[in-house]
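Here are some exercises to work through at your own pace, each with a solution laid out in steps. Have the sequence and the model open beside you as you go.

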Amino acid sequence: MIPSLRLLPAWLLFLAANASGQVLSSPLGTPSGSAAPGASAPAIPHGQGAGVHSPLSPFAPLPKRTDVVPWSVLTDIRTQVENRRIVPVYPPAVQSLDQRQQRIQGFMMPLEPGEQQRHFLLSSVPLTCSFCVPGGPESMVEVRTKTPVKYSLNAVVVEGRFHVLKSDPYGLYYRITDAIAVK
């Protein structure tokens, strides 16, 4: 006797569906080079995954500024495994920022309660869920300020001493200390 489909766990239904020859497909189409011969595959749009601002976000993306370190520089890193730990490998462009005054633009992720923040994360994309991190450690900067900064859902700019972290116990890659808010 076959059990009712409603009683089967979702993962078992998935396996059964795939075992019968059904193939799951992406709503974005197939990646370039994997389409059937003679068919043109649509290009997968950029902006997929963590650390990238979704065009569907209710928050405006970061405005273009020339006086801040671009996130494209901070996120352009590799990682490697050393002593069973994943560690960042920074390119020279990132290493040259270490221990220098820098400006960073991003969205606040408070680490303390209250309207005035002295310790927060700055993210390349806005926070969409208070329980979810919007990207990896390459898309966030820990900020410690001299004076409190008013919490905002909009992008903020801070300036302070920038630190490229080699082995942070919390897994962070970047930190700004003695930061101040900049207009």
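Before starting, one cut-off is needed: a residue is buried under 20% relative accessible area, exposed over 50%, and partly exposed in between. Keep in mind as well that this is a predicted model.

**Exercise 1. Lay out the chain.**
How many helices and strands does the protein chain have, and in what order do they run from the N terminus on?

Solution.
- Step 1. Count the elements: the protein chain has three helices and seven strands.
- Step 2. Read them off from the N terminus, which gives α-α-β-β-α-β-β-β-β-β.
- Step 3. Turn to the contacts with a separation of 6 or more: 59% of them are between residues 24 or more positions apart.
- Step 4. Add the surface: the chain exposes about 12300 Å², with carbon and sulfur atoms supplying 59% of that area. Of its 183 residues, 30% count as buried.

**Exercise 2. Trace the barrel.**
Which strands make up the closed barrel, and in what order?

Solution.
- Step 1. Follow the pairing around: the five strands run β3-β4-β5-β7-β6 and close into a barrel with mixed pairing.
- Step 2. Consider the twist, which averages 45 degrees from one strand to the next.
- Step 3. Zoom in on one pair. β5 and β7 run parallel and are joined by three bridges.
- Step 4. Find a bridge by name: V143 has I176 in β7 as its bridge partner.

**Exercise 3. Find the nonpolar cores.**
Which elements give two or more residues to the largest nonpolar core?

Solution.
- Step 1. Recall the general tendency: in soluble globular proteins, nonpolar side chains tend to be buried together.
- Step 2. Locate the largest core, which has 22 residues; L74, I104, L122, V141, F162 and Y174 have the most contacts inside it.
- Step 3. Assign the core to elements. Two or more residues come from each of α2 (71-74), β3 (100-110), β4 (116-123), β5 (140-150), β6 (156-164) and β7 (174-182).
- Step 4. Look for the largest share: β6 gives four residues.
- Step 5. Check for another core. A second, separate one has five residues, including M109, M140, L165 and L172.

**Exercise 4. Place L172.**
Where is L172 found, and with which residues is it in contact, leaving aside its neighbours within four places in sequence?

Solution.
- Step 1. Put L172 on the chain: it sits in the loop between β6 and β7.
- Step 2. Apply the cut-off. The relative accessibility of L172 is 15%, so L172 counts as buried.
- Step 3. List the contacts beyond those sequence neighbours: L121, E142 and L165.
- Step 4. Compare sequence with space: L172 and E138 are 34 residues apart along the chain, while 7.8 Å separates their C-alpha atoms.

**Exercise 5. Work through the salt bridges.**
Why does the salt bridge between D67 and R103 tie together parts that are apart in sequence?

Solution.
- Step 1. Start from the total: the structure holds seven salt bridges.
- Step 2. Take the pair in question. The side chains of D67 and R103 meet at 2.7 Å, N to O.
- Step 3. Place both partners: D67 lies in the loop between α1 (10-19) and α2, and R103 in strand β3, so the pair links parts 36 residues apart in sequence.
- Step 4. Judge exposure. D67 is partly exposed at 32%, and R103 is also partly exposed, at 26%.
- Step 5. Widen the view: R65, D67, R103 and E159 are linked in a network of salt bridges.
- Step 6. Turn to another pair, R144 and E142, whose side chains meet at 3.8 Å, N to O. R144 is partly exposed at 40%, whereas E142 is buried at 6%.
- Step 7. Finish with D168 and R175, which form a salt bridge with their closest N and O atoms 2.8 Å apart. D168 counts as buried, at 8% relative accessibility.

**Exercise 6. Examine two positive phi values.**
Where do R84 and Q99 lie, and is each exposed, partly exposed or buried?

Solution.
- Step 1. Begin with R84, a residue other than glycine with a positive phi near 65 degrees. R84 is in the loop between β1 (78-82) and β2 (85-89).
- Step 2. Use the cut-off: R84 has 84% relative accessibility, so R84 counts as exposed.
- Step 3. Move on to Q99, where phi is also positive and near 65 degrees. Q99 lies in the loop between α3 (92-95) and β3.
- Step 4. With 40% relative accessibility, Q99 counts as partly exposed.

Definitions and conventions. Residues numbered from 1 in each chain as written. Predicted model: local features only at pLDDT ≥ 70, side-chain atom pairs only at ≥ 80, totals over all residues. Heavy atoms only, no water. Core = buried A, V, L, I, M, F, W, Y, C linked by side-chain atoms within 4.5 Å. Buried < 20%, exposed > 50% of the residue type's maximum accessible area, 1.4 Å probe, protein only. Salt bridge = Lys/Arg side-chain N within 4 Å of Asp/Glu carboxyl O. Contact = heavy atoms within 4.5 Å. Areas by Shrake-Rupley, 256 points an atom, 1.4 Å probe, with all protein chains shown as cover. Pairing = 2+ DSSP bridges. Axes fitted to C-alpha atoms, helices over the stretch in contact; angles between N-to-C directions.
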